[in-house]
Amino acid sequence: SAFCNAGFSTFEDSLIGQAGSPLVMGTVVALLIVGGLGFGVVVQILAYGRGRVLGRTGRDDRLGLHSRVVLTVSGGLLVVGTASLAVFEWNHALAGEGAGMKLAQAFFQSATCRTAGFNSLDLTSLAPASLFLMIVLMFIGGAPGSTAGGVKVTAVAIVWANLRSIGRGLKRVRLGGRELDQVHVQRSMLVLSMGLVVAALAVLTLLVTEGHPFLPTVFEAFSALGTVGLSLGLTPLLSPAGRIVITVLMFIGRLGPLTLASSLTGASREPRVRLPRGRILIG
């Protein structure tokens, strides 16, 4: 369940009762992080480690651009998520715990909300800022080719690189010392925009059909779209219509926004006729 980022637990309180066990929590968090990196990245890491041990520096013993981006963004999200949750909950949900336990809880919750779905804290006791941060992390998710959901860390990295290039007035997008094909940039923008549109429509529908508070509804929708499985207690209260919406979100989240967009638009070819250029004011 941890390695596949499923989040199912046979304990009634997920892993809240196991929060004080370093063996259980360490094993679970290691499995869910490895599962969220993607099989290709794990294979490259093993090859890189073997090459370092044997003193080899061949092409097969080095980390490629994809692996470096996945590891960098995933590591950055873990650090930022851990630090933010620790700050937000230090004297709130984590009050009464030792400093080491607070950091461990923040690290675990930062890692698991990226689609694993376990919880070692009562989510209803978290501050709104922490819940909003978790929504962002759930939307991003893990890496392509992994057991995780979300729009994927590589899409976020490419979009960020594209925005950085636009801000600098550059025509080409560079990331990790490499120049990216325009098709990768376009697909990343499509994945993020489609994900946000689907989530927004789902939240609107749930607000109409369910009538529950805004933040738990948004949390529920993004958790389903990211195939995370975390909830603020809204799931058992959903109407049949609301359960259908959540089910559709989970299905879309597992297929991915890019697959959904491709299925709706179908294969298309570049038009052979070019139209006159047009100008539109922006900003």
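The exercises below, each with a worked solution, concern a predicted model of a protein.

**Exercise 1. Fold outline**

Task: State how many helices and strands the protein has, and give the order of the elements from the N terminus on.

Solution: The count comes to ten helices and two strands. Reading from the N terminus, the order is α-α-α-α-α-α-β-β-α-α-α-α, and in that order the two strands follow one another.

**Exercise 2. Overall dimensions**

Task: Decide whether the radius of gyration of the protein agrees or disagrees with that of a compact globule of 283 residues, and add the box that the C-alpha atoms fill.

Solution: The first step is the reference value, which for a compact globule with 283 residues is near 19 Å. The second step is the value for the protein itself, 21 Å, which agrees with that reference. Taken along the principal axes, the box filled by the C-alpha atoms is roughly 65 × 60 × 30 Å.

**Exercise 3. Burial, contacts, surface and charge**

Task: Describe the protein through its buried share, the sequence separation of its contacts, its accessible surface and its charged side chains.

Solution: Begin with burial, where 42% of the 283 residues count as buried. Turn next to the contacts with a separation of 6 or more, of which 67% are accounted for by residues 24 or more positions apart. The accessible surface comes to about 16,200 Å², and carbon and sulfur atoms hold 65% of that area. Finally, there are 23 positive and 12 negative side chains, and the centres of these two sets lie 19 Å apart.

**Exercise 4. An aromatic pair**

Task: Give the number of aromatic pairs, classify the pair formed by F139 and F222, and say which elements this pair ties together.

Solution: A pair of aromatic rings is described by the distance of the centres and the angle of the planes. With centres required to lie within 6.5 Å, the count comes to two aromatic pairs. For F139 and F222 the ring centres are 5.7 Å apart and the planes stand at 70°; an angle over 60 degrees counts as edge-to-face, so this pair is edge-to-face. As for location, F139 lies in helix α5 (residues 128–140) and F222 in helix α8 (residues 214–225), so the pair ties together parts that are 83 residues apart in sequence. The burial cut-off is under 20% relative accessible area; F139, at 13%, is therefore buried, and F222, with a relative accessibility of 13%, is buried as well.

**Exercise 5. Positive phi outside glycine**

Task: Locate T115 and T227, give the phi of each, and decide whether T115 is buried or exposed.

Solution: T115 lies in the loop between α4 (99–112) and α5, and although T115 is not a glycine, its phi is positive, at about 130°. The relative accessibility of T115 is 0%, so T115 counts as buried. T227 is found in the loop between α8 and α9 (240–255), and this residue, which is again other than glycine, has a positive phi near 50°.

**Exercise 6. E220 and P236**

Task: Compare the settings of E220 and P236 by element and by burial, and list the contacts of E220 beyond its neighbours within four places in sequence.

Solution: E220 has its place in helix α8, whereas P236 is found in the loop between α8 and α9. At 4% relative accessibility E220 counts as buried, while P236, at 63%, counts as exposed. Once neighbours within four places in sequence are left aside, the contacts of E220 are S231, L232, L234, T235, L238 and I246.

**Exercise 7. Sequence separation and distance in space**

Task: For the pairs S84 with A106 and L126 with P144, set the separation along the chain beside the C-alpha distance, and describe the surroundings of S84 and L126.

Solution: S84, in helix α3 (residues 65–89), is buried with a relative accessible area of 18%. From S84 to A106 the separation is 22 residues in sequence and 8.3 Å in space, C-alpha to C-alpha. L126 is found in the loop between α4 and α5 and is buried, with a relative accessible area of 7%. The C-alpha atoms of L126 and P144, 18 residues apart along the chain, are separated by 30 Å. Not counting residues up to four places away in sequence, L126 touches E89, H92, A93, L121, L131 and M134.

Technical notes:
Residues are numbered from 1 along each chain as its sequence is written. This is a predicted model: local features need pLDDT of at least 70, side-chain atom pairs count only at pLDDT 80 or more; totals for chains, interfaces and linings use all residues. Side-chain values use heavy atoms; hydrogens and water are left out. The radius of gyration is taken over C-alpha atoms; the globule rule is 2.2 Å times the number of residues to the power 0.38. Buried means under 20% relative accessible area, exposed over 50%, partly exposed in between (1.4 Å probe, protein chains only). Contact means heavy atoms within 4.5 Å. Accessible areas come from the Shrake-Rupley method with a 1.4 Å probe; for residues, only the protein chains shown count as cover. Lys and Arg count as positive and Asp and Glu as negative; His and the chain ends are not counted. The place of a charge is taken as NZ of Lys, CZ of Arg, CG of Asp or CD of Glu. Rings of Phe, Tyr and Trp (its six-membered ring) pair if their centres lie within 6.5 Å; planes under 30 degrees apart count as stacked, over 60 as edge-to-face and the rest as tilted.
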